[in-house]
Amino acid sequence: MVDAGIDSKLIQKTELFTGMTQSEIDFITAHSQMINLPKDNLLFSSGEKASCFYILASGEIRVYKKKDDQEEEMAYFSSGDTIGDFDFARGAEYDACAEAAQDSQLIVFPGRGSTLDSLANMDPGTICSILLKAILMMTERIKSTNRLVLDKMSWVQNIHRRAYEDAGTGLWKQTLIADEILGALKDPAALIMVKPDRFKILVDSRGHLTGDETMIRIAIIVKNITRGIGHGWPMRFKSNEVGIIINNSNAAEAKKVAEQLLEEIAAMEPVPAMDDFPEFKFSATISWTIWPVDDPDWENLYHGANALLLDNWRAGGARISHYSKTEGI
């Protein structure tokens with residue numbers, strides 16, 4: 001008979017029981033038990049065999065480990081959470097302690113006086129379904145752990161880096177913004193964009209190799225300034241547009257970085273005169289902006305700063321401008 005105090009919907013949402021038929025859920029509910037656990041009382045201790053698992057109907061359970069008479073907090077569970085299902089599925093011992101952080105009610109499966117063996121004699125089909133689900137659950141969690149370990153291996157990290165690194169300059173590609181940087185932005189963040197002036201004239205007069213070498217020299221400046229800041233992403237946005245994205249950077253700091261970029265690019269050793277072509281001296285056009293102050297929408301912020309950059313570059317360049325959606329300058 002189903003305990004009227006047990007919510008079968010909570011049981012049905014449990015990972016171990018998802019996808020089971022209503023008759024199987026009814027059997028599981030009927031052989032579960034509702035218990036009350038007062039605040040500060042232990043639910044289970046480290047080293048205790050996981051012969052059952054728990055669904056928290058109400059309250060809060062904290063899980064911790066003891067080491068040298070000190071408690072290390074591991075997790076907190078709240079209403080609707082499942083506790084100890086993976087240990088139960090493996091037939092393992094708990095490696096931590098759990099106690100009520102406040103008065104709590106829990107559903108226990110199997111309930112008092114029942115074991116999987118005894119329930120198998122009553123309904124072997126349902127218990128087989130539970131055991132199969134336990135195997136699938138363990139397999140998936142092992143796969144997840146393996147993926148986590150794999151992602152930390154140096155050769156995987158190297159491949160990951162190469163996927164986002166511009167081969168010509170060693171700067172980060174723009175694809176890194178959508179894939180990773182947007183999720184890591186910290187308010188306020190500076191976007192500083194740089195475009196070398198008269199670059200087409202340089203390439204047309206001295207060749208693509210000179211253009212490539214120039215971009216490498218500018219990239220070195222960008223990377224060195226980023227290292228000096230101590231954090232940030234040195235970027236290659238387009239063919240000859242580069243820059244830096246810097247977390248926790250206000251307007252004064254962004255403007256200072258922009259001025260440093262302008263000065264160091266202007267100080268680059270000129271390309272000597274050759275044949276009918278005079279000496280080529282370097283300069284750059286720079287725009288800077290602050291997210292979310294100047295525009296809370298990153299895409300709009302980027303395109304606005306880029307449009308301002310191009311307008312000033314076409315007008316002769318060699319200047320710094322601040323983009324703001326509200327100011328429109």
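## A walk through the predicted model

Pro-292 lies in the loop between strand 11 and helix 11. That is our starting point in this predicted model, and there is something to look at right away: the peptide bond joining Trp-291 to Pro-292 is cis, with omega about 0 degrees. A second cis peptide bond can be found between Asp-187 and Pro-188, where omega is about -5 degrees. Pro-188 sits in the loop between helix 7 (175–184) and strand 8. If you are setting up a calculation, these are the two loops to bring up on screen as we begin.

While we are looking at loops, let us turn to backbone torsions. Arg-198 has a phi near 55 degrees, a positive value in a residue other than glycine. You will find Arg-198 in the loop between strand 8 and helix 8, and because its relative accessibility is 34%, it counts as partly exposed. Asn-248 also has a positive phi, about 50 degrees, although it is not a glycine. The loop that holds Asn-248 runs between strand 10 and helix 10. With a relative accessible area of 47%, Asn-248 is partly exposed.

From the loops we can move inward. The largest nonpolar core has 29 residues, and the ones with the most contacts inside it are Ile-192, Leu-261 and Ile-265. Which elements give two or more residues to this core? They are strand 8 (189–196), helix 8 (199–206), helix 9 (208–229), strand 10 (242–246), helix 10 (251–266) and strand 11 (284–291). Helix 9 supplies the largest share, six residues.

Ile-192 makes a good viewpoint from which to explore this region. Leaving aside residues up to four places away in sequence, Ile-192 touches Phe-237, and also Val-242, Gly-243, Ile-244 and Ile-246. Its list of contacts continues with Ala-254, Val-257, Ala-258 and Leu-261, and then with Ile-286, Ser-287 and Trp-288. Leu-261, then, is a contact of Ile-192 as well as one of the residues with the most contacts inside the core.

Now rotate the view to bring two helices into focus. The axes of helix 9 and helix 10 come within 10 Å and cross at roughly 145 degrees, and the crossing is right-handed. On the helix 9 side, the contact is made by Ile-218, Ile-221, Val-222, Ile-225 and Ile-229. Helix 10 answers with Val-257, Gln-260, Leu-261, Glu-264 and Ile-265. By character, the residues of this contact divide into eight nonpolar, one polar and one charged. Leu-261 and Ile-265 appear here again, having already been named among the residues with the most contacts inside the core.

Next come the charged side chains. How many salt bridges does the model have? The count comes to eight. One of them pairs Glu-73 with Arg-62, whose closest N and O atoms are 2.8 Å apart. Glu-73 lies in strand 4 (residues 70–78) and Arg-62 in strand 3 (residues 53–67), so this pair ties together parts that are eleven residues apart in sequence. The two partners can be set side by side: Glu-73, at 42% relative accessibility, counts as partly exposed, whereas Arg-62, at 9%, counts as buried.

Another salt bridge brings us back to strand 8. Lys-195 pairs with Glu-241, and their closest N and O atoms are 3.6 Å apart. This link joins distant parts of the chain, with Lys-195 in strand 8 and Glu-241 in the loop between strand 9 (233–236) and strand 10, 46 residues apart. Are these partners buried or exposed? Lys-195 is buried, with a relative accessible area of 7%, and Glu-241 is buried too, at 3%.

For a local pairing, look at helix 11. The side chains of Arg-314 and Asp-311 meet in a salt bridge, at 3.6 Å from N to O. Both residues lie in helix 11 (residues 298–314), three residues apart, or about one turn of the helix. Arg-314 counts as exposed at 58% relative accessibility, while Asp-311, at 47%, is partly exposed.

To finish, a look at how salt bridges can connect: those that share partners join Arg-62, Glu-71, Glu-73 and Glu-99 into one network. Arg-62 and Glu-73, the pair we met between strand 3 and strand 4, both belong to this network.

Methods: Residues are numbered from 1 along each chain as its sequence is written. This is a predicted model: local features need pLDDT of at least 70, side-chain atom pairs count only at pLDDT 80 or more; totals for chains, interfaces and linings use all residues. Side-chain values use heavy atoms; hydrogens and water are left out. A nonpolar core is a set of buried Ala, Val, Leu, Ile, Met, Phe, Trp, Tyr and Cys residues joined through side-chain atoms within 4.5 Å. Buried means under 20% relative accessible area, exposed over 50%, partly exposed in between (1.4 Å probe, protein chains only). Helices (H or I, at least four residues) and strands (E, at least two) are DSSP runs, numbered from the N terminus. Contact means heavy atoms within 4.5 Å. Axes are lines fitted to C-alpha atoms, for helices over the stretch in contact, and angles run from 0 to 180 degrees between N-to-C directions. A crossing is left-handed if the near helix is turned anticlockwise from the far one by less than a right angle, and right-handed if clockwise. Ala, Val, Leu, Ile, Met, Phe, Trp, Tyr, Cys and Pro count as nonpolar, Asp, Glu, Lys and Arg as charged, and the others, Gly among them, as polar. A salt bridge is a side-chain nitrogen of Lys or Arg within 4 Å of a carboxyl oxygen of Asp or Glu.
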